[in-house]
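The following exchange examines how the terms used for a protein model rest on computed values. Please consult the sequence and the structure as the questions proceed.

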Amino acid sequence: MTTRNELRLLPWSGPGGKPCYLSTDDSEGHMSRLADNIEAVQLGMAAELLEQAMEVLGDEDAELEALHLLATDLTGALRVALRVATSRGHLLAVRATPLAGT
């Protein structure tokens, strides 16, 4: 099993919005692949939302309700992107750490 420093932050939350972590030595295991796939879908949805945002913001006649919905959706997408970045950044840092005794 991995040490506490090597836990992977998963792209979903647990009860009460608390973070979920994966402890495994197998980066190709079922849960690791599932997390990778969900992260890819989440980032793809964020890219699509960015395109929609550019359209709405380019519309001088956009209604306040549309702008509010856009801000809400962008906030959620940013939250997801930060979670993915945190998880992937942590994984990169763990992989870059030399093994003890090498």
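Q: What makes the two faces of strand E2 distinct?
A: In this predicted model, Cys20 and Leu22 make up the covered face of E2, while Pro19 and Tyr21 lie on the uncovered one. In a regular strand, side chains alternate between the two faces of the sheet.

Q: Which elements make up the chain, and in what order do they run from the N terminus?
A: The secondary structure amounts to two helices and two strands. Read from the N terminus, the order is β-β-α-α.

Q: Why are E1 and E2 said to pair?
A: Two strands count as paired if there are at least two bridges between them. Three bridges join E1 to E2, so the criterion is met, and the strands run antiparallel. Among the bridge partners, Arg8 is matched with Leu22 in E2, and Ser13 is matched with Pro19 in E2.

Q: What connects E1 and E2, and which residue in the turn has a positive phi?
A: The two strands form a hairpin with five residues between them. Gly16, in the turn, has a positive phi of about 70°.

Q: Why is Arg8 called buried?
A: Arg8 is located in strand E1. Its relative accessible area is 7%, and the term buried applies under 20%; therefore Arg8 counts as buried. As for the chain as a whole, 22% of its 102 residues count as buried.

Q: How do you know that Asp36 and Arg8 form a salt bridge?
A: The closest N and O atoms of the two residues are 2.7 Å apart. A salt bridge requires a side-chain nitrogen of Lys or Arg within 4 Å of a carboxyl oxygen of Asp or Glu, so the pair qualifies. This pair links distant parts of the chain, since Asp36 is in helix H1 and Arg8 is in strand E1 (residues 8-13), 28 residues apart.

Q: Why is Asp36 described as partly exposed?
A: Asp36 has a relative accessibility of 32%. Partly exposed is the class between the limits of 20% and 50%, so Asp36 belongs to it.

Q: What makes Glu39 and Arg8 a salt bridge?
A: Their closest N and O atoms are 3.2 Å apart, and the cut-off is 4 Å; the pair therefore counts as a salt bridge. Glu39 lies in helix H1 and Arg8 in strand E1, so the contact ties together parts that are 31 residues apart in sequence. Both Glu39 and Arg8 are buried.

Q: How many salt bridges does the whole structure hold, and which residues are linked in a network?
A: A search of the whole structure finds two salt bridges. Arg8, Asp36 and Glu39 are linked in a network of such bridges.

Q: Why is Leu57 called exposed?
A: Leu57 is part of helix H1 (residues 30-58). Its relative accessible area is 58%, and exposed means over 50%, so the term applies to Leu57. Leu57, Leu64 and Leu67 form a nonpolar surface patch, with about 320 Å² of accessible area together.

Q: Why does Glu28 count as exposed?
A: The relative accessibility of Glu28 is 54%. The class exposed begins over 50%, so Glu28 falls within it. Glu28 is found in the loop between strand E2 (19-22) and H1.

Q: What makes the surface patch of Glu6, Asp25, Asp26 and Glu28 negative?
A: Asp and Glu count as negative. The patch is formed by Glu6, Asp25, Asp26 and Glu28, and therefore it is called negative.

Notes:
Residues numbered from 1 in each chain as written. Predicted model: local features only at pLDDT ≥ 70, side-chain atom pairs only at ≥ 80, totals over all residues. Heavy atoms only, no water. Patch = residues over 30% accessible without salt bridge, like charges linked within 9 Å, V, L, I, M, F, W, Y side chains within 5 Å. Areas by Shrake-Rupley, 256 points an atom, 1.4 Å probe, with all protein chains shown as cover. Helix = DSSP H or I, 4+ residues; strand = E, 2+ residues; numbered from the N terminus. Buried < 20%, exposed > 50% of the residue type's maximum accessible area, 1.4 Å probe, protein only. Charge placed at Lys NZ, Arg CZ, Asp CG, Glu CD.
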